[in-house]
Amino acid sequence: MHTPATAPTPATAPATASDAAAATDPATVETHCPYCALQCGMGLRPGGPYGVEVVERPAFPVNRGALCGKGRTAPAVLSSRVRLTEPLVRRPGSGRLETATWEEALDRVAEGLAGTGRAHGRDAVAVFGGGGLTNEKAYALGKFARVALRTSQIDYNGRFCMSSAAAAHQRAFGLDRGLPFPLADVGRTGCVILVGSNLAETMPPALRYLTELRENGGTLIVIDPRRTRTAEQADLHLAPRPGTDLALALGLLHLVVAEGRVDEDFIAARTSGWSAARSAAMAHWPELVERITGVPVPQLRDAVRMFCDAESSMVLTARGPEQQSKGTDTVSAWINLCLATGRAGRPLSGYGCLTGQGNGQGGREHGQKADQLPGYRKLTDPAARAHVAGVWGVDPDELPGPGRSAYELLDALGGDLRALLVMGSNPVVSAPNAGRIEDKLRSLDFLAVADVVLSETAALADVVLPVTQWAEETGTTTNLEGRVILRRKAIDPPPGVRTDLEVLHGLATRLGCEKGFPTDPEEVFEELRRASAGGPADYSGISYGRIVAEDGVFWPCPEVGGAPGAREVRGAPGAREVPEGARSEPDVHPRTPDPAPPHPGTPRLFLDRFATADGRARFTAVTHRPAAEETDERYPVLLTTGRVLAQYQSGAQTRRVDELNEAAPGPFVQLHPQLAERIGVAEGDRVAVVSRRGRAVAPARISRAIRADTVFMPFHWAGEGRANTLTNPALDPTSRMPEFKVCAVRLERG
């Protein structure tokens, strides 16, 4: 049996003197960064050109005061120079967006949505949300779609990010939380396999945990087609052909079996399905895997040795293996590797997903997904429908059923779907096959967008609603660890701007829902607690006060003896779930008088049992299959896409920050010198990348850090350099994730 060399570090850290001083400064508001899923702690104090300036918050345990350039410059987007400050409506005569009153704008949206429903049926109206919305907004948006609009057609852009890992989590462990342990555990394990993540650029403050890993004697294996800044930190870098991560994971499991490294005791005691998974893996012998992936057999053997020789190990995946048409099976193969070696459900070991978007975790828990109700409940479960309908005060039979997934919803625009409300998303830039999706948006009878800035999607709308930003509102998000944290208002918004909750309240009232859509975020959160009670993602024991007192609370956290219908979630029991000393008990009292102490939250999942009916983790038998689109004579090169350090997602916010634009001014095509020589381009020359869906043009960036058969483009920009013009919308059959990470292209001189 494998045991950890050291005990896990606490999930929270004691406050430092400097942070204590900042906390006592009444002018400094403790809050969190608006960008990635780290949700780094920061302080905001009056000053600077934008009304507030960022100060460090060293005591917050995730980033310990460290911030990347995006977080440090976040107040720049508060400037009225770059953001929306008044509603806009498209005038019939001119066809241009022009300023309007809020009353006119909300009336237009309500009639556009309701009128479409009357003319074509409720399911002709769709809602598209975002993984950056707070938990309160995501909850209210799902409720608005199903209660006020009574449409089944709602999904969100998080489908494009974490859905494959979420699906694999569910079928293996019975519960989806990105990381089943705090990030601090990463620095204390023995070996980490990091698959398809350029952590050094996508969430730089987290790089310290990989540094700590190596300083503590651990080893780092990075799997990426490019030698990124993260790969440069690795003890071993494997560079597979894009789209072959599944074969690579199966090849490693084959070697684990062949070399006698299987943890038979763990498999017998805590898993099911090993025989079929083992047989599937044994069909992927090392030489075959080398031919498929391009990774030499000796490197495969080195990876197995490093992973298995360590007393504890982790596999962490990101979008690289997940954004594929076989992403769910790929993640399942990596989970199988952890289970077969006893690297799951034990301290300092396990599989985790590095969630990307700011509220990518919470955003997929509380109802804005096509098949979901709050608390990560299934929309098809009669008991779940009855519970949530009871909280909402509606008949369960009135709740719509599941709708289309994100890309399928966008692809249906202009056909069955005639009107769309977008909140917190920019699919013109972020969707695969983006040229087609842009045309679909243009074909709608009615489009309304609520956003902070005039994004490329908002520019197509009939009505644009200007909404508040992170520093202008209060609300919770859930970071990649499953830690529920509180962003706090530090500054008033411009007079013409409203919160998303106020927008939904105004629309719901116009649609006949006089009650049920409060504008106070804490009131919404209290309702979310009741709606989530007893569900897999149970927040019923979490309050704003507890979050502040404890630097966040890890779900599941049921209200002990309090909330109607609350229960302990399988796989997240209390006393034995976390080893002695691995967490600080909260120094708070229950919200209502009760002799039982409050549930402490669950920093570490699965240490006693998994969240399945029998408590066992489930192996899944998977086999390699090619990408949906392989190279051929016309399209002989593979394209993969990703992010760069100074920009974020579709760039709608970061492209409006001068300092970030100086660091990353535009798109580029990274290609190997051999490929550049073959097509006759030099550094900085314009290169056209052509796929079966379109053409993008950007300057060449020649580097030996990428495979010779692959090119890379970042996806943050619109216009002629839009990478997602090229990407393939082929969907994973389980998660409905599009295949962003691999498609066939050809290169031409631009």
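These notebook entries record what I looked up in a predicted model of one protein chain.

**Entry 1. Overall form**

I began with the chain as a whole. I noted 23 helices and 30 strands in its secondary structure. Along the principal axes, the C-alpha trace spans about 75 × 70 × 55 Å. I then compared the radius of gyration with the globule rule: a compact globule of 750 residues would have a value near 27 Å, and the 25 Å of the protein chain agrees with that.

**Entry 2. Burial, surface and contacts**

I looked up how much of the chain is covered. Of the 750 residues, 64% count as buried. The exposed area of the protein chain is about 24700 Å², and carbon and sulfur atoms supply 49% of this area. For contacts between residues at least 6 apart in sequence, I recorded that 75% join residues at least 24 apart.

**Entry 3. Aromatic pairs**

I turned to the rings next. A pair of aromatic rings is described by the distance of the centres and the angle of the planes. With centres within 6.5 Å as the criterion, I obtained a count of 11 aromatic pairs. One of them is formed by Tyr35 and Tyr648, with 5.2 Å centre to centre and 65° between the planes. I entered this pair as edge-to-face, because angles over 60 degrees fall in that class. The two residues are 613 apart in the chain. Tyr35 lies in the loop between strand 1 (29-32) and strand 2 (41-46), while Tyr648 lies in the loop between strand 23 (637-642) and helix 22 (658-663). Both Tyr35 and Tyr648 are buried.

I also examined Phe525 and Tyr544, a tilted pair at 5.4 Å centre to centre with 45° between the planes. This pair connects helix 20 (residues 521-532), which holds Phe525, with helix 21 (residues 544-550), which holds Tyr544. The separation in sequence is 19 residues. Phe525 and Tyr544 are both buried. Elsewhere, I found Phe173, Phe606 and Phe610 linked by ring pairs into a cluster.

**Entry 4. Charges over rings**

I looked up two arginine side chains placed over rings. Arg226 lies over the face of Phe712, 3.6 Å from the ring centre. The charged end of Arg343 sits over the ring of Phe307, at 5.8 Å from its centre.

**Entry 5. Helix 11**

Which residues of helix 11 (residues 286-293) are buried? I listed Pro286, Leu288, Val289 and Thr293. Seen down the axis of helix 11, these buried residues fall within an arc of 155°, so they line one face of the helix. I traced their packing to helix 8 (245-258) and helix 12 (297-309). Just after helix 11, Gly294 takes a positive phi of about 85°.

**Entry 6. Backbone geometry**

I checked the backbone for further particular values. The peptide bond joining Trp555 and Pro556 is cis, with omega of about -5°. Pro556 belongs to the loop between strand 21 (553-554) and strand 22 (617-618).

Arg150 is not a glycine, yet I recorded a positive phi of about 55° for this residue. Arg150 is placed in the loop between helix 4 (135-149) and strand 7 (154-156). With a relative accessible area of 31%, Arg150 is partly exposed.

Arg736, again not a glycine, has a positive phi of about 65°. I located Arg736 in the loop between strand 28 (728-731) and strand 29 (738-739). Its relative accessibility is 25%, and Arg736 therefore counts as partly exposed.

How values were computed: Residues are numbered from 1 along each chain as its sequence is written. This is a predicted model: local features need pLDDT of at least 70, side-chain atom pairs count only at pLDDT 80 or more; totals for chains, interfaces and linings use all residues. Side-chain values use heavy atoms; hydrogens and water are left out. Rings of Phe, Tyr and Trp (its six-membered ring) pair if their centres lie within 6.5 Å; planes under 30 degrees apart count as stacked, over 60 as edge-to-face and the rest as tilted. Helices (H or I, at least four residues) and strands (E, at least two) are DSSP runs, numbered from the N terminus. Buried means under 20% relative accessible area, exposed over 50%, partly exposed in between (1.4 Å probe, protein chains only). A charge sits over a ring if NZ of Lys or CZ of Arg is within 6 Å of the ring centre and within 35 degrees of the ring normal. The radius of gyration is taken over C-alpha atoms; the globule rule is 2.2 Å times the number of residues to the power 0.38. Contact means heavy atoms within 4.5 Å. Accessible areas come from the Shrake-Rupley method with a 1.4 Å probe; for residues, only the protein chains shown count as cover. The arc is that of the directions from the helix axis to the C-beta atoms.
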